[in-house]
Number of protein chains: 2
Amino acid sequence: MNKYDTIVIGNGPCGISCAIYLKRYGFNPIVVGKDMGALAKAHKVENYYGVMPISGLELANLGIKQAQELGIEVITDEVLSIEFSDGFSVYCKNNIFQTKTIMLALGASRNRVQKAEKFEGCGVSYCATCDGFFYRKKKTAIIGSGEYMAHELEVLKNIIPDLTVFTDGEELAVDVNDIPVITDKIVSFDGDEILKSITTEKATYEISGCFIAKGSASGVTIAKHLGLAVDGNYITVDENMMTNIPGIFAGGDIIGGLLQISKAVSDGAIAATAISKYLKK
Amino acid sequence: MNKYDTIVIGNGPCGISCAIYLKRYGFNPIVVGKDMGALAKAHKVENYYGVMPISGLELANLGIKQAQELGIEVITDEVLSIEFSDGFSVYCKNNIFQTKTIMLALGASRNRVQKAEKFEGCGVSYCATCDGFFYRKKKTAIIGSGEYMAHELEVLKNIIPDLTVFTDGEELAVDVNDIPVITDKIVSFDGDEILKSITTEKATYEISGCFIAKGSASGVTIAKHLGLAVDGNYITVDENMMTNIPGIFAGGDIIGGLLQISKAVSDGAIAATAISKYLKK
């Protein structure tokens, strides 16, 4: 059984940042990631300090390479369960690890819309703050009906003059003032390589951009299993990113707040500093 | 008189990140920087996610270029005073600006040691968390005598086995356990291109690395002038980076916490999101 100071679960900005700091603090972390997560789906990142416009996938790969070059193991595997045993045992599909501490950096899975999948990054976005600017002169749709949609709409309203809300058959649960609302069920998203239109049961709408905001789904299944305190879909942590269970830390999208690369990277650095103190005790 | 939505004071990671977000949220920020600040003095940055090892100066320049390519004005000028007048008037050496909001991202000036200046980045560092790893196999000195030195020492102890504390003539005010302590006044730092030794009034010590930790000096002069709440050397902000004065925000090293690029960049993004909400009211 392989033993580590810290198992970092998640290979995105938060997890990799945390592992880099831990390694440089003199510890022995390993990063376990299931897939490339939300970042890899971003068509273009241009709001992350010091990095000229780059695709999300490129940035994600760069982060992993950066960690590997510092001598950090980064492996692909899926965590199935975590048990308490003189620290923690982490059971993955292909490995079992023994560790003193755990960093949860799994991201927040977002409610995807199957039919829109082929246009992800080519007209379809899951983040108004990240991508609103790209659509500032385009006819743009936002899909959703609740609080989360209203929150994303608030961001878009200031940037994009031509917006339409599609509730996809759901009842609108929030006030959107003078923004047009289509409540029919969506039948298809169409276009060649990029999104051109949305067709509902009753009509076809020419649309160049579409933001999906159907409520932020939970990424906290493992957390709940472990007995971690959660608030809605997010894990609760203190100012040092420690959860209610000593030795288990969390950061990035899974703890909520601004769902941005910069904040995830910072969470990772702050958590590593706290983990370093915890390990020295 | 030039009018802006936000004047960002400081052109480092926090200020530039904030300006990039504001611009992409649809606002009109300007960045005013006096010089390149602490980042530009870092010999090498290798703990910032997604950026392969790079000099601090290169990264600082890259950030400014990134902002400029988004159409953000970044100018060199020194802020002399700020006055309240239908928003704020910002008086600089060469310009007067009118703005609705202000973002303070001036960094924390660190207590430099004149004699060590020529080896900055070549054996002399001001940040244990940033650079400790580079000296892990070297005979290393830490200069200081108080709480801040003890804090930096705690970080180094785990990485570097061969450490000596130099108080430079001051009385040691903290407990450093079994680490050797030299209390003589330092006469000179010597070497050719890189640091080789430190000479005190009584002896010469071969040293390859030296961390300066003589207490973190204040960067909050402007803040105190404005009547901003401060805690020691740091400006007090809420979770949205707003100070006690509505319309004035702060982030990065000037608000304390982890004095790292990642945290400064995240602060900038969070502040911009809050400023955006404030401006829409």
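Guide: Welcome! Contact means heavy atoms within 4.5 Å. The structure above is a predicted model, in which local features need pLDDT of at least 70 and side-chain atom pairs count only at pLDDT 80 or more, while totals for chains, interfaces and linings use all residues. Residues are numbered from 1 along each chain as its sequence is written, chains are lettered from A and ligands numbered from 1 in the order in which they are written, and side-chain values use heavy atoms, with hydrogens and water left out.

Visitor: Let's start with one residue. Is Ile16(A) buried or exposed?

Guide: Ile16(A) belongs to helix α1 of chain A, residues 13-24; helices (H or I, at least four residues) and strands (E, at least two) are DSSP runs, numbered from the N terminus. Buried means under 20% relative accessible area, exposed over 50%, and partly exposed in between (1.4 Å probe, protein chains only). With a relative accessible area of 0%, Ile16(A) is therefore buried.

Visitor: Which residues does Ile16(A) touch, not counting residues up to four places away in sequence?

Guide: Gly63(A) is a nice case, as it is 47 residues away along the chain, yet the C-alpha atoms of Ile16(A) and Gly63(A) are separated by 6.5 Å. Not counting residues up to four places away in sequence, Ile16(A) touches Gly10(A), Asn11(A), Val31(A), Gly63(A), Ile64(A), Ala67(A), Val74(A) and Tyr49(B).

Visitor: One of those is in chain B! What area is buried between chain A and chain B?

Guide: The contact takes 47 residues from each chain, A and B. Buried area is the accessible area (1.4 Å probe) that two parts lose on being put together, summed over both. Arg24(A), Tyr49(A) and Met52(A) supply 24% of the area that chain A buries against chain B, more than any other three residues. Carbon and sulfur atoms give 59% of the total, which is about 4,100 Å².

Visitor: Which residue does the side chain of Arg24(A) meet in a salt bridge?

Guide: A salt bridge is a side-chain nitrogen of Lys or Arg within 4 Å of a carboxyl oxygen of Asp or Glu. By that rule, two salt bridges are found across the interface of chain A and chain B. In one of them, at 2.7 Å from N to O, Arg24(A) meets Glu46(B).

Visitor: And which element gives the most to the side of chain A that touches chain B?

Guide: The elements that give two or more residues to that side are α1, α2 (56-69), α3 (128-131), α4 (147-157) and α6 (261-280) of chain A. The one that gives the most, with nine residues, is α6(A).

Visitor: Now the strands. Which strands stand at the edges of the open sheet in chain A?

Guide: Two strands pair if DSSP finds at least two bridges between them. The sheet has five strands in the order β7-β14-β8-β9-β10, with parallel pairing. An edge strand has a single partner, so one side of it is left without a neighbour in the sheet, and this applies to β7 (124-125) and β10 (181-182) of chain A.

Visitor: In β14(A), which residue is the bridge partner of Ser125(A)?

Guide: β7(A) and β14(A), residues 209-212, pair in the parallel sense over two bridges. In β14(A), the partner of Ser125(A) is Phe211(A).

Visitor: Over in chain B, how many residues lie between β11(B) and β12(B) in their hairpin?

Guide: β11(B) and β12(B), residues 195-200, run antiparallel and are joined by five bridges. Across the pair, Asp190(B) stands opposite Ser197(B). The number of residues between the two strands of the hairpin is three.

Visitor: What is the length of the polar contact between the side chains of Ser188(B) and Asp190(B)?

Guide: A polar contact is a pair of N or O atoms within 3.5 Å; within protein, one must be able to donate a hydrogen and the other to accept it, and residues adjacent in sequence count only if both atoms are side-chain atoms. Ser188(B) is found in β11 of chain B, residues 186-191. Its side chain joins that of Asp190(B) at 2.7 Å.

Visitor: Last one: what is the phi of Asn177(B), which is not a glycine?

Guide: Most residues other than glycine have a negative phi. Asn177(B) lies in the loop between β9 (163-166) and β10 (181-182) of chain B and is exposed, with a relative accessible area of 57%. Met241(A), by contrast, is buried at 8%, and its phi is positive too, near 70 degrees. For Asn177(B), phi is positive, at about 55 degrees.
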